[in-house]
Amino acid sequence: MKNGLSLIILLAPALVVILVLFAGGLALGLSQSLGYMPIIGAYGFSPNAYLELLGSPGFVPSLLLTIFVSVMATGIAVTLAVVTALSLRKHFAGKKLVSFIYQFPLTIPHLVVAVGMMMLVSQSGLLARAAYRIGLIGDSSQFPVLVFDDLGIGIILVYVWKEIPFIGLIALAVLQSIGNDYEEQARTLGANSWQTFRHVLLPLIVPGILPGSIIIFAYTFSSFEVPFLLGKSYPAMLSVLSYRLYIDVDLDARPQAMAMSILIALFVLILVVIYRRISQHLVRGSA
Amino acid sequence: MIGNRRELRGCPTCTRVVHLIVISAIVGGVLLPIIPLAAWSVSHSWFFPSILPSELSGRAWAYIGSPLSKVLSALANSLLIAGLVTAAAAGLGIPAGRALGLQRFRGKAVLEFLILAPIIVPGLAVIMGIHVLFIKLRLVDTLFGVALVHLLPSLPYMIMVMSGVFANYNVEFEQQAFSLGAGKIRTFFHVTLPAILPGVVTGSLFVFLISWSQYILTVLIGGGRVITLPVLLFAFAAAGDNAVTAALCIVFLAPAVLILVFTSRYLSGESGAMGGFGRL
Amino acid sequence: MKRKSIAIFSIVILVAAGLWAGGKQEQTIPFEQRYMSMSWDQIVQEARGQKLYWYMWGGSDLINRFVNGYVAERLKGEYDVTLEMVPVTDATTFANKVLGEKQAGRDSGGSVDVMWINGENFRTMREAGLLFGPYAERLPNIQYIDAADSSIANDFGYPVEGFESPYGSAQVVMVYDSAKVGEPPRTVGDLLDWIRANPGKFTYPGIPDFTGSVFVRHLFYHVAGGYEQLLGPFDQELFDTIAPKLWALLNDLEPYLWREGKTYPETHTKLQDLLANGEVYFDVSYNPSGAASLVAQGRYPESVRTFVFDTGTIGNTHYVAISFNSSSKAAAMVLANLLLDPAAQYQKSRPDVWGDLTVLNVGNLPQEWQEKFLSLPRPPAVLPPDVLSSRKIPELQAPWLEAIEKGWTENVLQK
């Protein structure tokens, strides 16, 4: 009994905040997306906003672009994170300094990275100038288009830069807890580095980094700031599209903005549910 | 260390070369987007294809230091808001983390999902929904309202980290303190807090950084009145003034980097604080 | 007893209803009328101690310094009004805000007091009843404005009628790098010839960028053979005869543009970057002294100059407007008046401050001010004021803009 009360006291404050802000926000967003908006005198209840949104010409290209950027960013970041973690777990001269540099991106805000990346990889950026100096290109227009481009490459680069240490630190922690025994055994059995990695280390690492990977995929999928600064206006990533609808002077676009938000939220929630199913399956399978 | 004991099959030189490439790539890759910022902030004219600025000038820094640019007050706002959010997140999240880490109860999995959901679901989507309520409650255009919405994406991180820390926490120490006659408050400060401190620091770091970097939530709820560093940064980045933008970037990232330097020992992965992420 | 209490009760109800109705009557006298019957001194008196939030574009350190420095200091020192500038990236955000407040029934204590506004946003807000006015005629300094100037009395062809007050002038200039171009083309036709002879070195921002839109409008005037017939309300038939020529022209031009017209720079800022880094040799700008400011900041090479077409370039005015629910309307009017003060206009026109063209009728000012304005230093990248004003041609009404912008997206971008 006392336990129950103390439980409530411990949890309640945080829960109230989360419930009001999060659940309340979603609920209000949902109701507004269905047309219940006293603010413009609309008391209707209709799925019109969703239909208009799904039928609008900008929606599918935005969705595809967002999925592409999220998949690429997450895939590349995770791969590079594992590779760098494998190198960083060893002891070498200057490891402390390199580790510090490795963690640096964690604290740098995304906007700063976006600005820095723009100054680095735009057609008149630092890399382009270096390429000109060494004679690779003759004119700035010959440098590949990496920002404000159709594939969101600059955006992907920003997220990869930010997320590698995030996954990398988790991977390092996992590698540390695994220890060297499995590798030792594999080596005595004649496996080379690649085989050891592929068949011994990788299966052990994956469950550990999977939650983090899901987080960064969801984060990239719903991201706003970086595509707002570095992205082309058409097609725009989904969050940018929803914001534009929201600040439209035509308040009738609001329900569509809300509908877009609900769709984004649904998508990531479904993603997490699928992930939990898969991970439970994996756990059972390996048991 | 152990690996040195035997000769590894395969190509040790290759491994070493790969290792070197990886390390150089890490150092280069991390520093490359950041280094141009310092140069841009003091540049006057710097056109393609010059590698270095052709003229230097203090215009950007003079502007930032001037009270007419509102940069210093934006910095103060950012610090104040992030500080408030961190304090609130600690006050709410430490007890919640304790409950989740130490106790088992029905519905715990559902609760964990609810608590973690704000990390997964984009903040903009949720805050767009609650904006109307904030307008009604007159919370828009206020510092407090902005701090409140910053809690949304950041509080779950504090709870997660603290629940991970408490899961590895031994309650017995507290029992011992009680049996020795210590009161609840004394016990908390002398037994509990020192034990959970690495987690509190890690969680606070996350929360501070998340609030520090917020842009669109501040713009939406702050209504343009609550001016933080990211708001100014974005305005100048969109206007294409590279020198001022770069200088603002440096001001913007300085406190965050400083905090990292102070707390880097807690982030080494050995404190178990990152273990909370496995609980997803 | 019962009848008496019913009577008393009824009387109370009637009196209460009367008071309520009477009170309501008072509330329906709009604020506007209150200010109409006050003298200017009374308005200044009421403004004392008020705080003012001015929402405006915040992307220029020069403008920010001028507003937060000179303007704010004079307001505080001379009128005891506190000015807070609120930087926005896009004007629609505050239009949206005021609209939201009106819909939520917030008729006073609005969060937006004054706005830097013109064109489309003015019309939208005016038609939605979001602006306070007419107030412009109450400002003493309005006397310095040329009342007969239709480009001030009309904002993109839409009558201002005192619901906003002017404070600066804009006019389109073509910007070019004299080190690369030499002698620039002087007419639209010459420019088109130059583009064809020098492929890849010219482009314009994609619509809906403001600057891209005005460049296209110049070509619209060009294919229409002049602007006079276009100045009235939107004429669909007329548009349909002229527009196809415009699309044909722009589409034929595409292969000679930067990136062969496959993509257009998204914002004016990006076009400025292209010019700065030598990818193109031209820029279009609404601000005649913008190029000079950028040269001073080191963002343009020193060889950059400007020119206007012999056939003229479009000019317009920038205004401030006051929101309907501001609780600092008196202070807002004081600000609007201060902006029209010759000293403030002169300060604003100084190239080292902002370089914004004055909106005052210089010929009507006292002699000393005329001399001051005429002797303003002029960097090489800025054209003389008489050249600019003699080549100034008007804007079209908003529906024309919408039709042109929509048509561009459908017929040029997506082809």
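**Where chains A and B meet**

Let's start at the contact between two chains. It takes 78 residues from chain A and 77 residues from chain B. Keep in mind that this is a predicted model.

Which element of chain A gives the most to the side that touches chain B? Helix 1, residues 2-33, with 15 residues. And what kinds of residue make up that side of chain A? There are 50 nonpolar, 23 polar and five charged.

Now chain A as a whole. Chain A has 287 residues, and 48% of them count as buried. Its secondary structure is made of twelve helices and two strands. Where do the strands sit in the order? Start at the N terminus. You meet a helix, then the two strands, and then helices through to the end of the list. The C-alpha trace of chain A spans about 75 × 75 × 30 Å along its principal axes.

Next, contacts along the chain. Take the contacts in chain A with a separation of 6 or more. Of these, 72% join residues 24 or more positions apart.

On to the nonpolar cores. The largest one has 175 residues. Two residues have the most contacts inside this core: A:Ala171 and B:Leu248. Helix 7 of chain A, residues 153-178, supplies the largest share, 17 residues. A second core lies apart from the largest one, and it has 62 residues. Among them are C:Ala72, C:Leu75, C:Val98 and C:Ile145.

Let's zoom in on B:Leu248. What does B:Leu248 touch, leaving aside neighbours within four places in sequence? Four leucine and isoleucine partners come up quickly: B:Ile64, B:Leu229, B:Leu232 and B:Leu233 are on the list. B:Val71 and B:Phe236 are on the list too.

A general point here. In soluble globular proteins, nonpolar side chains tend to be buried together.

Last stop: a helix pair in chain B. Helix 8 covers residues 172-179, and helix 9 covers residues 184-213. At what angle do the two pack? About 145 degrees, with the axes 10 Å apart. Helix 8 of chain B passes helix 9 of chain B in a right-handed crossing.

Who makes the contact? From helix 8 of chain B come B:Phe173, B:Glu174, B:Ala177 and B:Phe178. From helix 9 of chain B come B:Thr187, B:Val191 and B:Thr192. By class, the contact has four nonpolar, two polar and one charged residues.

That's the tour. Thanks.

Terms used: Residues numbered from 1 in each chain as written. Chains lettered and ligands numbered in written order. Predicted model: local features only at pLDDT ≥ 70, side-chain atom pairs only at ≥ 80, totals over all residues. Helix = DSSP H or I, 4+ residues; strand = E, 2+ residues; numbered from the N terminus. Buried ≥ 20, exposed ≤ 12 C-beta atoms within 10 Å, placed from the backbone. Contact = placed C-beta atoms within 7 Å. Nonpolar A, V, L, I, M, F, W, Y, C, P; charged D, E, K, R; others polar. Core = buried A, V, L, I, M, F, W, Y, C linked by C-beta atoms within 7 Å. Axes fitted to C-alpha atoms, helices over the stretch in contact; angles between N-to-C directions. Left-handed = near helix turned anticlockwise from the far one by under 90°.
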